[in-house]
Amino acid sequence: MAYENNIPTLRGATVDAAREISERRATTISRMVDEAAKHGLDDQFAYDAIADYGADNAKEFRKTMHDPTSFKEFTDLFGTDHNRQIYEMETVKKTDDELIIDFHYCPYVTAWVRQGKTPNQIARLCEIAMAGDHEFAKSFPQLEFRLERTIADGEPRCRLHFIRKGAAVNI
């Protein structure tokens with residue numbers, strides 16, 4: 001599996017520095033998983049820890065909202081911070097019922113490729129890293145979250161799809 005599409009196009013001192021931090025985070029995750037395996041442990045601990053981190057992030061995000069139960073307010077705020085440039089996020093669709101965001105670059109995959117991880121290892125590390133996003137989304141009962149594709153699986157982009165619960169959306 002090739003990751004030839006995972007090339008950043010946005011550059012600058014700030015975004016490059018933020019990406020470096022993300023790459024270090026990714027390297028730390030993979031080294032922790034590798035070290036656990038040496039001790040006969042599986043990687044569930046990393047998945048669980050990152051899920052907890054996602055729940056913590058959701059608590060902080062909810063504090064920025066006037067109405068944390070509003071799907072519209074969620075879609076107006078989600079993906080508008082510094083992460084937009086780091087991951088080269090593109091809002092593909094934004095309606096009263098859906099928010100679809102594509103990520104065109106992943107510094108985590110860059111780090112894992114640099115470490116020599118196999119495609120299967122990269123896919124699993126991505127699952128671990130995305131545990132935070134899944135848990136984050138669970139903190140918003142008004143929405144359903146779907147991770148529809150990932151760069152880690154060899155796709156040209158990651159796609160996050162948020163759907164307002166109860167919406168009649170064609171998938």
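Does aspartate 43 count as buried or exposed, and at what relative accessibility? What follows takes the residue in its setting, after some remarks on the chain.

1. Status and overall fold. The model is a predicted one. Its chain holds 6 helices and 4 strands. In sequence order these elements run α-α-α-α-β-β-α-α-β-β.

2. Dimensions. The radius of gyration is 16 Å, which agrees with the value near 16 Å that a compact globule of 171 residues would have. Along the principal axes, the C-alpha trace spans about 45 × 35 × 30 Å.

3. Packing and surface. Of the 171 residues in the chain, 43% are buried. Among contacts with a separation of 6 or more, 60% are between residues 24 or more positions apart. The exposed surface of the chain comes to about 9,500 Å², and carbon and sulfur atoms supply 50% of that area. The chain carries 23 positive and 29 negative charges, and the mean positions of the two sets lie 2 Å apart.

4. Aspartate 43. This residue sits in the loop that joins helix 1 (13–38) to helix 2 (44–63). Aspartate 43 counts as buried because its relative accessibility is 16%, and the cut-off for buried is under 20%. Its side chain makes a polar contact of 2.7 Å with the side chain of arginine 124. Apart from neighbours within four places in sequence, aspartate 43 is in contact with Val33, Arg124 and Ile128. Arginine 124 therefore appears both as a contact of aspartate 43 and as its polar partner, given that contact means heavy atoms within 4.5 Å.

5. Helix 5. This helix covers residues 107–114 and is mostly covered, with 6 of its 8 residues buried. The buried ones are Pro107, Tyr108, Val109, Thr110, Ala111 and Trp112. The cover over them includes helix 1, helix 4 (83–86) and helix 6 (119–138). Just after helix 5, glycine 116 has a positive phi of about 85°.

6. Serine 22. Which residues does serine 22 touch, not counting residues up to four places away in sequence? They are Ile86, Tyr87, Pro107 and Tyr108. Serine 22 lies in helix 1 and is buried, with a relative accessible area of 3%. Two of the residues it touches, Pro107 and Tyr108, are listed among the buried residues of helix 5.

7. Glutamine 115. The loop between helix 5 and helix 6 contains glutamine 115. This residue counts as partly exposed at 27% relative accessibility. Its side chain and that of serine 30 are joined by a polar contact of 2.5 Å. With residues up to four places away in sequence left out, glutamine 115 touches Thr27, Ser30 and Arg31. Glutamine 115 and lysine 94 are 21 residues apart along the chain, and their C-alpha atoms are separated by 36 Å.

8. Glutamine 85. Helix 4 is the place of glutamine 85, which counts as partly exposed at 49% relative accessibility. Beyond the residues up to four places away in sequence, glutamine 85 touches Leu10, Val15 and Arg19. From glutamine 85 to phenylalanine 45 the C-alpha distance is 30 Å, with their positions 40 residues apart in sequence.

9. Glutamate 88. Where is glutamate 88 found? It is in the loop between helix 4 and strand 1 (89–94). A reviewer may wish to look at its backbone: glutamate 88 has a positive phi of about 50° although it is not a glycine. At 8% relative accessibility, glutamate 88 counts as buried.

10. Leucine 143. Strand 3 (residues 143–149) includes leucine 143. With a relative accessible area of 4%, leucine 143 is buried. Setting aside neighbours within four places in sequence, its contacts are Phe71, Phe74, Ala137, Phe162, Ile163 and Lys165. Aspartate 97 is 46 residues away from leucine 143 along the chain, and the two C-alpha atoms are separated by 9.1 Å.

How values were computed:
Residues are numbered from 1 along each chain as its sequence is written. This is a predicted model: local features need pLDDT of at least 70, side-chain atom pairs count only at pLDDT 80 or more; totals for chains, interfaces and linings use all residues. Side-chain values use heavy atoms; hydrogens and water are left out. Helices (H or I, at least four residues) and strands (E, at least two) are DSSP runs, numbered from the N terminus. The radius of gyration is taken over C-alpha atoms; the globule rule is 2.2 Å times the number of residues to the power 0.38. Buried means under 20% relative accessible area, exposed over 50%, partly exposed in between (1.4 Å probe, protein chains only). Accessible areas come from the Shrake-Rupley method with a 1.4 Å probe; for residues, only the protein chains shown count as cover. Lys and Arg count as positive and Asp and Glu as negative; His and the chain ends are not counted. The place of a charge is taken as NZ of Lys, CZ of Arg, CG of Asp or CD of Glu. A polar contact is a pair of N or O atoms within 3.5 Å; within protein, one must be able to donate a hydrogen and the other to accept it, and residues adjacent in sequence count only if both atoms are side-chain atoms.
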